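Grab a pencil and work through these exercises with the model open beside you. Try each task yourself before you read the solution.

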Amino acid sequence: MSSKRTTIFVCVSCKLAIDGHGNDFEKPGRELAAAVDDHLRGAGASGIEVRPVECLSVCKRACTIAFTGQNKWTYLIGGVDAKTHADEISVTAQRFAASEDGIIPWKERPLFFRKGVIARVPPETYRITEKAE
Ligand code: FES
């Protein structure tokens, strides 16, 4: 595993309607962050921090999270279910941490990741290669 640090940002401002009319909401971000942290501890993962964050500006895709790490692509992901995705987020974070550049092969990405990716942002050190242009 890479020794570089990985952070999972979890939006704690995201609101989900709980009454079907948009009048009453829950904010499941803190519950999600705690559940992901529990799974990581249970797996004995190290070098991965779960960090609550305020709005990631993707409020219509609650809950939103981001995987980020030094010299790695950052992935912003929406539509995460706090009640069912914590374990998959933990496993994905470990794969992200183990990767050189943050890119996880498609077949290793769980469904929440495949369906939920909103953006990926290159690391600050990124420079395009002639081959990619
Ligand atoms: S409130 Fe969570 S992305 Fe805006």
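A residue counts as buried under 20% relative accessible area, as exposed over 50%, and as partly exposed in between (1.4 Å probe, protein chains only). This is a predicted model, where local features need pLDDT of at least 70, side-chain atom pairs count only at pLDDT 80 or more, and totals for chains, interfaces and linings use all residues. Residues are numbered from 1 along each chain as its sequence is written, and side-chain values use heavy atoms, with hydrogens and water left out.

**Exercise 1: the sheet**

Work out the strand order of the open sheet and find its edge strands.

*Solution.* Start with the vocabulary: strands (E, at least two residues) and helices (H or I, at least four residues) are DSSP runs, numbered from the N terminus. Two strands pair if DSSP finds at least two bridges between them. Strands of a sheet pair through backbone hydrogen bonds, either parallel or antiparallel.

Step 1: trace the five strands, and you get the order E4-E1-E5-E6-E7, with mixed pairing. Step 2: look at the ends, where strand E4 (48–53) and strand E7 (117–121) each pair on one side only. Step 3: check the twist, which averages 15° from one strand to the next.

Step 4: zoom in on one pair. Strand E1 (residues 6–11) runs parallel to E4, and six bridges link them. Thr6, for instance, has Ile48 in E4 as its bridge partner.

**Exercise 2: the helix on the sheet**

Find what helix H2 touches, test its length and list its buried residues.

*Solution.* Step 1: use contact, meaning heavy atoms within 4.5 Å. H2 (residues 86–98) packs on the sheet and touches E1, E4, strand E5 (65–69) and strand E6 (74–77).

Step 2: compare directions. Axes are lines fitted to C-alpha atoms, for helices over the stretch in contact, and angles run from 0 to 180 degrees between N-to-C directions. H2 makes about 25° with E5.

Step 3: test the length. The expected span of a helix is 1.5 Å times one less than its number of residues. H2 has 13 residues, so it should span 18 Å, and its end C-alpha atoms are indeed 18 Å apart.

Step 4: list the buried residues, which are Ala86, Ile89, Ser90, Thr92, Ala93, Gln94, Phe96 and Ala97. Their cover includes E1, E4, E5 and E6, along with helix H1 (29–42) and helix H3 (111–116).

**Exercise 3: cysteines and odd backbone spots**

How many disulfides does the structure hold? Then look for unusual backbone geometry in the loops.

*Solution.* Step 1: a disulfide is a pair of cysteine sulfur atoms within 2.5 Å. The structure has zero of them. Take Cys63: the closest cysteine sulfur, in Cys14, is 5.3 Å from its own, so that's too far for a bond.

Step 2: stay with Cys63, which sits in the loop between E4 and E5 and is buried at 0% relative accessibility. A cis peptide bond joins Ala62 to Cys63, with omega about -10°. Most residues other than glycine have a negative phi, and most peptide bonds are trans.

Step 3: hunt for positive phi. Ser57 shows about 65° though it isn't a glycine; this residue is also in the loop between E4 and E5 and is exposed at 64%. Asn71, again not a glycine, has a phi of about 60°. Asn71 lies in the loop between E5 and E6 and is partly exposed at 34%.

**Exercise 4: salt bridges**

How many salt bridges does a search of the whole structure find, and which parts does the pair Glu31 and Lys83 tie together?

*Solution.* Step 1: a salt bridge is a side-chain nitrogen of Lys or Arg within 4 Å of a carboxyl oxygen of Asp or Glu. The search finds four.

Step 2: Glu31 pairs with Lys83, with the closest N and O atoms 4.0 Å apart. Glu31 is in helix H1 and Lys83 in the loop between E6 and H2, so this pair ties together parts that are 52 residues apart in sequence. Glu31 is partly exposed at 40%, while Lys83 is exposed at 61%.

Step 3: Asp37 and Arg41 form a salt bridge (2.9 Å, N to O). Both lie in helix H1, four residues apart, about one turn of the helix.

Step 4: Arg51 and Glu49 meet in a salt bridge too (2.9 Å, N to O). Through shared partners, salt bridges join Arg5, Glu49 and Arg51 into one network.
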